[in-house]
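User: Please take a close look at one helix pair in this structure. I would like to know how the two helices are placed against each other and which residues make the contact.

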Amino acid sequence: MRLFWQEMQKIWRPGILAALVVLGVLFYFLRPKFWIELIPKTQNFDNSLMLVERYGPVLTAEIRPELDAIYEEIKENFNLEVKKIPGAAEIGITDLESYWAVDRSGEIYEVNVELFAKLWRLSMPANDFRLITGKYDGRMDGTFGIRNSPHLASYAPQAQTRIIELEERELRTKAVSFMDHAVPWYTSDWGRYLVIWTVLSVTLLLSPTLVRDRIRRTIAMQWTSRRGRRAVRTQTAAALASALLLALINLIVYFAILAQQGSLPLWNCPIYCGDGGIPWFDWTYGQFILMLIGMNFAFALAAGGLAVFLSQFSTNYVPMLLKAIPVFLVVGLVIANWALSDPFLIQKSHYRGADNPKGIELVCVLLLLAVSLGSCVWMCSRQQQREAP
Amino acid sequence: MSLLKYEWRKLAGMPALWAFAAMCLLFNCVLLYATLWTCRDFNEGSAIAVQLGQRVDADFIAGFAQLPPADTPEKQAEQDKLLDFLRKMDDTLARYDSASVRQEYAEFLSVSPLSASLMDWKIQRAALRAEHLAQTGAAMDFFVGPITGQANGVIYKIFFKALLSEGIMLGILSMLFLLDYERNNRTAAAVCSSRVGRKLWRTKALAGVTAALALYLLLVILSFTAFFALWNWSGVWNASMASQFNTGIFNQSDFNYDSCRPFLPWADFTAGSYLLAIITLGAALAVVFTLLTAIFGVLIGNAYASALAMVIFIIASWAIWYTSYMQGCWAVFTPLSFLPASLWDQTLGWFTDGGIMYFIPWQETVTTALWLILGGGGTALALRRFNRKDVRI
């Protein structure tokens, strides 16, 4: 065990950690920050938080009439506030109905841009809230949905079955998620960038693991004893433990940022929201986040295992970097980027083309893990027979 | 010279380097495969240019009207639309209105007087260029028709940028390998014990720079061999880059303040001479990054730490430049647009007026020359310091 902690000490070097902190901050400000901060800006975000707190994660037929009462309150508020706006009454806007009548004609914009902006801002809560009830009513009477549209034929048979199943279940239970589809969408970006950063940081941290011993010529000395021969097992264990630990640290930081956006109260809302993407699995928002967290650890192990395995073939830091760069590009920028773009949805919006087979992301990650951990096991087992370099 | 040869030999004996270069080449081929649709349209346009020439005049239009009908109704509709456009085509550069452009930028950059005055001076120069190009009728060149902007976007924003990035990475890693070689092989103490031995690091820096150049050129030759096997350039070598069909190139840019502007090069570039100029400047930029790595490598004395320092330097400078652009902080953005990282990012506008990205004529050339001097001078100073310090093992 003492050897394990010594190896951990060799991996967690202050210089590399400082560089990782600087790179991590730069990475966050350049990429994920923009997408993560879009979560609370999604449509009806505040309304959905309020409704979830009051009624639970789904809108049902029993709750539906109560929403009309809330809408009336919002309307009343508009009617009161609009009287305080100078110039509104002059163009015939005294309540919400009259505002919409003028808005539809497009006259306000031509008359007064500033007034239009004020009225538009004031009408936003009512507009947004009407979307919730309107969407629910439309889905219950069959106006929305894919199953009766010609668009259904463009999906693969398995996907068609899934779409019909989801839409029919919705009609049967008359329950619809309060959450806007963009919330899991942007949360998947949070997960995607977390994983990409984890892959990069783990690769940078672990690539030098076995190279240092070669540079310092300690291998020949170690291998003269039987116990020393087994050092590579401890080194690999320490490296994989470090990968998980670094993934955990990254996760804590990113989770704190996600929690700050205020979307966690939607934890029990189903991620299927009708519009947006169609998920293969009946997950809630919380389960979706847990899946992203699982992916973070899986990719950390995969990248860590590959980095350590490849570093044994490097005599110094430069050949090691020449291997670490492709590891990051392939595992982080290609596989993780693809797997976590709209993960486990029938179609990935950034990748136009055929449907995404059910669970393909999981298969990919498991394959990657098998290759990575299999390489590590093979490296440890053949260590006994190898000649000292 | 013999020392230089030994250094090159050390580098050539690293299999990982060649494997990495092969992977880069493979990646470039994948990029070419991914852009086959654009390539197909480019080749069709190029075939028309071979048949009818580049300048859109009465003969060109008459020839175009007699082209065989297209295979599909959609394509035929596109061909008819293009013929209609060609009949009405006029010299857009003759209509170039520099006054409105100057006013637009003056308002836009009003928060930073220095940026505004530099931009104003540049636009005046660009107006002279537009006048000259209008006299030559460069905007009336067909290039490859409506696909020109998109195709050049693919070539200069995706393909060439990938090539340049790979060249820079290879240069940086070659330099680090050579500078760290003696320490890794425990020969540093022996070599540094004599004055002549200490000079070896100067040879290493030279070997690193030449190796970076050679690797970049090797990648360029092999990648462009694959490129020209797919893309038919026979009709476009002499096409003017200022062709009005090339205006759409800036729609490929990630920076959208001024994506619809004419392609106004500072010299009368044809497609061929422009490609050559871009490749040459790319080589110089690869050398700049290699020299900057030499400074870090000599001062830090550890390849991994130097690589991390170099990565942080590149990303941090690029991040500040990009953020200042996004925030509209032009007083910061203007000097930072003279950084190598920002130059690397802007391959799409090299040798042109560059819109909001560039503040002086030939900014990319000036920036590269400036950083070559800074990089070279910095390396010389770092080596001087190294010669006076104790050896660290």
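Analyst: What follows describes one helix packing in chain B, then the side of chain A that touches chain B, and chain A as a whole. The model is predicted.

The pair is helix 12 (residues 271–300) and helix 16 (residues 363–388) of chain B, whose axes lie 8 Å apart at an angle of about 25 degrees. Because angles under 35 degrees count as roughly parallel, helix 12 of chain B is roughly parallel to helix 16 of chain B. Their crossing is left-handed.

On the side of helix 12 of chain B, the contact residues include Leu281(B), Ala284(B), Leu285(B), Val288(B), Leu292(B), Ile295(B) and Leu299(B). Helix 16 of chain B contributes, among them, Thr368(B), Trp371(B), Leu372(B), Gly375(B), Gly376(B), Gly378(B), Thr379(B) and Phe386(B). By class, the residues of this contact are 16 nonpolar, six polar and one charged.

Between the chains, 18 residues of chain A are in contact with 20 residues of chain B. In chain A, helix 2 (14–30) and helix 16 (317–339) each supply at least two residues of the side that touches chain B. Helix 16 of chain A gives the largest share, eight residues. That side of chain A has 15 nonpolar, two polar and one charged residues.

Chain A has 17 helices and two strands. Its radius of gyration is 27 Å, well over the 21 Å that the globule rule gives for 389 residues, so chain A is more spread out than a compact globule. The C-alpha atoms of chain A fill a box of roughly 95 × 50 × 35 Å along the principal axes. Of the 389 residues of chain A, 37% count as buried.

Technical notes
Residues are numbered from 1 along each chain as its sequence is written. Chains are lettered from A and ligands numbered from 1 in the order in which they are written. This is a predicted model: local features need pLDDT of at least 70, side-chain atom pairs count only at pLDDT 80 or more; totals for chains, interfaces and linings use all residues. Two residues are in contact if their C-beta atoms, placed from the backbone, lie within 7 Å. Helices (H or I, at least four residues) and strands (E, at least two) are DSSP runs, numbered from the N terminus. Ala, Val, Leu, Ile, Met, Phe, Trp, Tyr, Cys and Pro count as nonpolar, Asp, Glu, Lys and Arg as charged, and the others, Gly among them, as polar. Axes are lines fitted to C-alpha atoms, for helices over the stretch in contact, and angles run from 0 to 180 degrees between N-to-C directions. Angles under 35 degrees count as roughly parallel, over 145 as roughly antiparallel, 65 to 115 as roughly perpendicular and the rest as oblique. A crossing is left-handed if the near helix is turned anticlockwise from the far one by less than a right angle, and right-handed if clockwise. The radius of gyration is taken over C-alpha atoms; the globule rule is 2.2 Å times the number of residues to the power 0.38. A residue is buried if 20 or more other C-beta atoms lie within 10 Å of its own, exposed if 12 or fewer, and partly exposed in between; C-beta atoms are placed from the backbone.
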